[in-house]
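Colleague: Let's go through this two-chain model together. Keep the answers short, please.

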Amino acid sequence: MNSKENTADKSDKSAQGIIIMERKASDNKYLHKDFHIGLNHLMNYILDNFGEDSVRDYLRQFARAFYKPLNNKLRSGDLEALESYITDIYEKEEWKIKINKGENYIEIEQESCPGMSHLISRGEKPCPLYRETYTTVYQTLCENTPFDYVLVHFDDNTGACKQLFIRKENKL
Amino acid sequence: MISCTEFIPAYSEGFKYLELKGGRQEVEKFWKKLSEGTLVNTLSKAIQKEGIKGCFTYWSHTLNEEAADFRMTLDEAKGEFRIDMFKCPSKGMLNELKYMEPYHAYCEHCPALYKPIVESHGLTYEEDMSRCDEARCSIVIRRKLKT
């Protein structure tokens, strides 16, 4: 455990039988893996009520809004910004990945998906369109940039995959 | 991959998407389904097992993992549990993402999710959302007085 371990078990008891727990944001690391369950429910809800295309529409809407600053950097050809972003989110998720990179590409390999792994560990079944959190989201991130996103392979049971961001003129 | 650390903006955009599809009632339908699908095995079980103390147990876990800035107070003798949220990590994050427009009623998902579960155990749930734009709010859960 590091110095930012969660402190859920440390409460302060008063003599009157009143229990008080007081925390600052800086007392804990921000890592609530059950949020993966919330996203899975949201995707399933959209899938069940509006269909597959709507799941992709929703993910595109999210990606266009949330990744706007990163998309702007990619438009200028800044591949380092992408590498920094990828490294950062996987570190925050405390998840091992392997990154291979060159002047015109970044390749990311993982043995399983942190989101899908958490869902499975909690007895939840990943949404049948879970892979769209890769394909649709990262293709949208690459919109109007010199880069393409390719999900080279993806295991729908574990999320093991190889992802490739590549400059368009270098794509085979 | 949408990291769990990026879930809040994805959640907010999800509410916006559902409202576009079917109006506010579609958002509320989703909240009801989410509440039933996720809190029955967590918050509800905790209250079933420990009574009002289960609220303290449940939120001890989630608020610490979410790195919230808060104070929780449990007075079992009085039958009262309260959360004073000084900086909600979710609303706080949305406020900090200046380039994104959060769902206009984002904070309303909390009472929509929790209130029905808490009330199903014979407890009352009151929220004060008057300062939620500043990522501050409070909830008070009480045992009903026997008449």
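Colleague: Which hand does the crossing of H1(A) and H2(B) have?
Modeller: This is a predicted model. Here H1 belongs to chain A and H2, residues 24–39, to chain B. Their crossing is right-handed.

Colleague: Is H1(A) parallel, antiparallel, perpendicular or oblique to H2(B)?
Modeller: The two axes come within 11 Å and cross at roughly 130°. Antiparallel would need an angle over 145 degrees, and perpendicular spans 65 to 115. An angle of roughly 130° therefore makes H1(A), relative to H2(B), oblique.

Colleague: Which residues of H2(B) make the contact?
Modeller: H1(A) brings A:Ile37, A:Gly38, A:His41 and A:Tyr45. By type, the residues of this contact divide into 4 nonpolar, 4 polar and 1 charged. From H2(B) come B:Phe30, B:Lys33, B:Leu34, B:Gly37 and B:Thr38.

Colleague: Which element gives the largest share of the side of chain A that touches chain B?
Modeller: In total, 44 residues of chain A are in contact with 41 residues of chain B. Elements giving two or more residues to the chain A side include strand S2 (18–23), helix H2 (52–66) and helix H5 (114–121). That side divides into 24 nonpolar, 12 polar and 8 charged residues. The largest share, 9 residues, comes from H1(A).

Colleague: What is the bridge partner of A:Glu22 in S1(B)?
Modeller: Strands pair across the two chains as well. S2(A) and S1(B), residues 69–75, run antiparallel and are joined by 6 bridges. In S1(B), A:Glu22 has as its partner B:Arg71.

Colleague: Which residue in S4(B) stands opposite B:Asp84?
Modeller: S2(B), residues 80–87, pairs with S4(B), residues 137–143. The sense is antiparallel, over 6 bridges. Opposite B:Asp84 stands B:Ser138.

Colleague: And what is the bridge partner of B:Thr124 in S4(B)?
Modeller: S3(B), residues 123–128, is joined to S4(B) by 6 bridges. These strands run antiparallel. The partner of B:Thr124 is B:Arg142.

Colleague: Is A:Lys96 buried or exposed?
Modeller: A:Lys96 lies in the loop between helix H4 (79–92) and strand S3 (98–102) of chain A. A residue is exposed if 12 or fewer other C-beta atoms lie within 10 Å of its own. A:Lys96 has 12 such neighbours, so it counts as exposed.

Colleague: How far apart in space are A:Lys96 and A:Val137?
Modeller: In sequence, A:Lys96 and A:Val137 are 41 residues apart. In space, C-alpha to C-alpha, the separation is 21 Å.

Notes. Residues numbered from 1 in each chain as written. Chains lettered and ligands numbered in written order. Predicted model: local features only at pLDDT ≥ 70, side-chain atom pairs only at ≥ 80, totals over all residues. Helix = DSSP H or I, 4+ residues; strand = E, 2+ residues; numbered from the N terminus. Buried ≥ 20, exposed ≤ 12 C-beta atoms within 10 Å, placed from the backbone. Contact = placed C-beta atoms within 7 Å. Nonpolar A, V, L, I, M, F, W, Y, C, P; charged D, E, K, R; others polar. Pairing = 2+ DSSP bridges. Axes fitted to C-alpha atoms, helices over the stretch in contact; angles between N-to-C directions. Parallel < 35°, antiparallel > 145°, perpendicular 65-115°, else oblique. Left-handed = near helix turned anticlockwise from the far one by under 90°.
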